[in-house]
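Student: I am new to this structure. Could we go through it together, please?
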Amino acid sequence: MLLLEASYSFEGGFAHTAFGYDPTDAEIRLRYTASQEHREIARAAANEERDSLIARGAISVKLDEVVTVDTRARVPEVATARSLDDQLRAYWDSQPTGPDDAQRGRLLDKLHTLQATQ
Amino acid sequence: MRIASARIKGFGPFKDVSIDFDALPKEFKLIALCGENGEGKSTFVDLLVDGANWRDWPRRERKKIDFVANERDSLLETVEEIGGKRYEFKHLVDGVSGKGESTVFCDDESLVPSGKLAEFYAWARDNLPAKSVVHSSIVSHPAYGSFVAMKATERKDVILLALGVDGIEKLAAAARKEIDNTLLECSQKRDAATVAVNAANVDESTGAVNLAETRLTIAARRVAEAQSALDVAKQLAGDSALARRRYEEQVAARTDIGDRKYRTFDDLFVCERSLNAADVTAAEVALGVANSAHDSAKAALVNAEIVASSLRTKREAANRQNEDRLRVQLELDKATAAKADVEKRIANIRAILANGDKIREAVAKSKELTEIVARLELESTKASSEVKRLDSEIAAHDADRMRHAGAATEATRRIDRSTEALENSELVRVAAATLDDEREAVTLCKAHLESAERELDALRGRRIAGADERIGALRHGLERVMSNERPRVVAAETLDEDNRVVEESEELPDLLGSAAGDVALFRKGVRNAEERLRSVEVLASQLPRVESAEIELTEAHKARNAALCAADEAEHKEAAAEAERAKLAAAGLDASRLERDVMAQIAALAELVASSDKLAIAAGLLEERTEQLSAHGSTVERLTEELTDLPEPPPVPADPDLATLRAAVNSASAKALSSAQTVASVKAIREQLEPQVTRLREDLKALTEQLEATPIPVPPEASPDVAALETELATHQSNHTQAAKDLGAAQVALEAAQRAEFEAVVLREALALAEVELADWTRLAADLGRKGLQAALVDSAGPELTRATNDLLHSCFGTRWTVTYETQRIKDNGDTAEGYDIRIIDTERGRDGVVEDLSDGERTIISEAASLALSELACKRAGFTNPTLIRDESGAALSAERRPMWVAMLRRAATHVNADRVIVISHSEDVQDLCDVKLRVANGTITLEAA
């Protein structure tokens, strides 16, 4: 049993490191990674690759799909902000209708008042 | 939250047990807590976590640890490290009364000095991590409600707690409270401003002042005029009472006649109007109209009944025709269906005949594949039995290794004990060698002491003997004098003798002092020698123990070396067996997969193979079915012609509405009766009123004539009314005073209005400021709220949580499942809602859905991965350091095949979070064996066993 590792990217298509390998009489497991968004198209490409390997003499080709999840935060800056003030500033920066500088100053003053009384 | 040690006394089944996790070797990372059902495994971990930290008994809602305390002095004592501090918790409970006290120490300082429970709860609330985070991350129990089992809002709350930013919601709540306060303030200011604006009617007040001034001027002028009129009237006032009385009598007589005339006229008017209203002709005309309407309604009803009878006949005929058509149509449908069925069967038979070659090939191929399956099954069974053999071999090697490792540990302990026993071995040997010398030294010192004591006694004897000698010498001298010797000579000789004795006795005190000093010195020397001898004897008595310890040390070294060699050998064997097993397992797995593939091919051929029986009889059947088709075709043609010959009946109109016509006849009849009654009533009224009108006309004529005959009286000259003028003057004076008062009041109102106008301006400015404050508080509350910064923070933790969860799953369970956390969803109305859904991509089954759709076992895997990933997040963000992970049968739903993967996942998570220990409660022996050591709970005790 031969394990071929491959990956699919939307820009570069299907790629693995053993394209030049002679698959004659080999039992192959093709393990490929694909992002969650491109699973269908990657599966089609993997099927094509399987047919190609079988045409080139492979006995059998098993497909092994590995899904990669690329999650992004809406406001990643809030996670790295140290203080609550900085978190609020980062949040306001991400808002299309965030407060202006004068209102930000007033809001932070009020926040400090609340923190002092907690 | 790291548990260092614990002592449980008088709780649940535990009489008095202690365990010191710090004393266990560091390599005992995974600890299996095992024992029969009901022995107290879960009770143990519940007391360690919920009991010690929050005094809770988590299995019953709102119950505390006194629920399971069963002694008067039950004690729960734990030492834990939380957030880098080492806390000692101590809970005392009276199992009878349920009362108790709780204390917490940190660096020997009491943090709950009074021990009162209320103080402890307050301290725990402020200083310990949130219970929901602990239960959904580092402690996992199916009954606590895992992270996966929570609702979306609960998951978000836990994420916020794990991020350590749960205080934001408190700030948001405080901001919302400020909104209420500011709203109230705005409302009060707005009301006050409205009141001030209403009060600030300066123009109106100025007009009121001007009006009051005008009124005052007019009132003054009227007072002057009234005063002058009163003066004139007083001069002209005279007495004309008689002329006035006559005039009043004449006026009264005319008035009486006039009143009677008007009353008569009124009565006449009323009677004439009633008479005119009683119109007999109109009533009779209405009666005629009602009668003719009644007749025409009756005629219409009779005609309609005739038409309805005719329509009934037509409808019955049409129904009979329709029934005939329907019967023929049903027969036709049946024949058509039979024909179609036969056609389909013929098509099937032809298809089978056409696929004859394929079917024969499929039968042959299927046989071939069945043989391959049998061969693969055999190979798979062989591999499986070989794997089982290797498993038992690995287990045996592992047991050997653990046994030898235990022996090595025991030998190490023996070495430690022997080394400890040999710490002062040199001293012991020296003591044994010098024991005889010390004994001799004691004997010598005692001999010296005896000699010195004898010397001292001799000196004391000499002192007593000196006194006796002097007395004896004096007596002897006296006796010689008594015997007539010469007294002078005797006295001289006696005196010489006495002087000699005195001289000798004068030396004795010094000698005595010296001898006493020697005795004291020798006594001290004896004591010191004896003490030294005792010490030496004690040390020398340890010589046999030292000698046996040396032998023990040598033997223990030998045993340890042998055990370590044996353990290494067992490990090598185990590794070799594992490698072989992995190879065989992979081969077996490949064989199984190949078998599945072949089975799938056989299943694909099954349909063709099943058709092989039909192929044999297809030719004969085709002829039979062709004849059937011809018969059905002729039947269909015959029935179609018969249906064409049967005409479709024309439509029959609906029946006329007989009920409506009968109601119209009844209504017309009632109206005719009512009109006849009206005619009779009008005639009776006219007969009563006509004589009354005639009499009243005559009375009116007589009274008119009488009034014309009475002369109109002429009024006498009126005398001025002095009293009225005086009253008028007083009224005008009063009006003047009132006008002056009104002017003063108007001037006061004007001043108040001017003040209110100023106040309104100030209040409007304050209201504008308060509205800005309100806008700011509203914005801050929204930005700090659950849909604001909190949602952004929860969302920002998503990538880290996703990465950690998938890392655990992919590393330990393969690439089948991939988890995503969805924090937002679009509603069907287009609005965006914050949520926290867990979605699973299952590449093996091709599913992509929410976690709730998974089976119990699959959900357990995802739940554990999510829980451990959450632990990782909490350790990084909220300061859980070196935690003790606890799993209370959380993997019980897993199959035997997946349990090793689960244990591997626990080990990986423990490495990621740098866990101190992982305590795993499990009844599965394979899980217990995969752990590093076992803690067995039985009969109220906990004992350590090698895994």
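**The interface between the chains**

Tutor: Chain B and chain A bury about 3200 Å² between them, and carbon and sulfur atoms give 61% of that area. Buried area is the accessible area (1.4 Å probe) that two parts lose on being put together, summed over both. This is a predicted model, in which local features need pLDDT of at least 70 and side-chain atom pairs count only at pLDDT 80 or more, while totals for chains, interfaces and linings use all residues. Residues are numbered from 1 along each chain as its sequence is written, chains are lettered from A and ligands numbered from 1 in the order in which they are written, and side-chain values use heavy atoms, with hydrogens and water left out.

Student: Which three residues supply 18% of the area that chain B buries against chain A?

Tutor: They are B:L171, B:D776 and B:R779, and no other three residues supply more.

Student: And how many residues of each chain are in contact?

Tutor: Chain B contributes 42 residues and chain A 33, where contact means heavy atoms within 4.5 Å.

Student: How many salt bridges are there between chain B and chain A?

Tutor: The count is six, a salt bridge being a side-chain nitrogen of Lys or Arg within 4 Å of a carboxyl oxygen of Asp or Glu. A salt bridge joins the side chains of A:R74 and B:E834 (3.0 Å, N to O).
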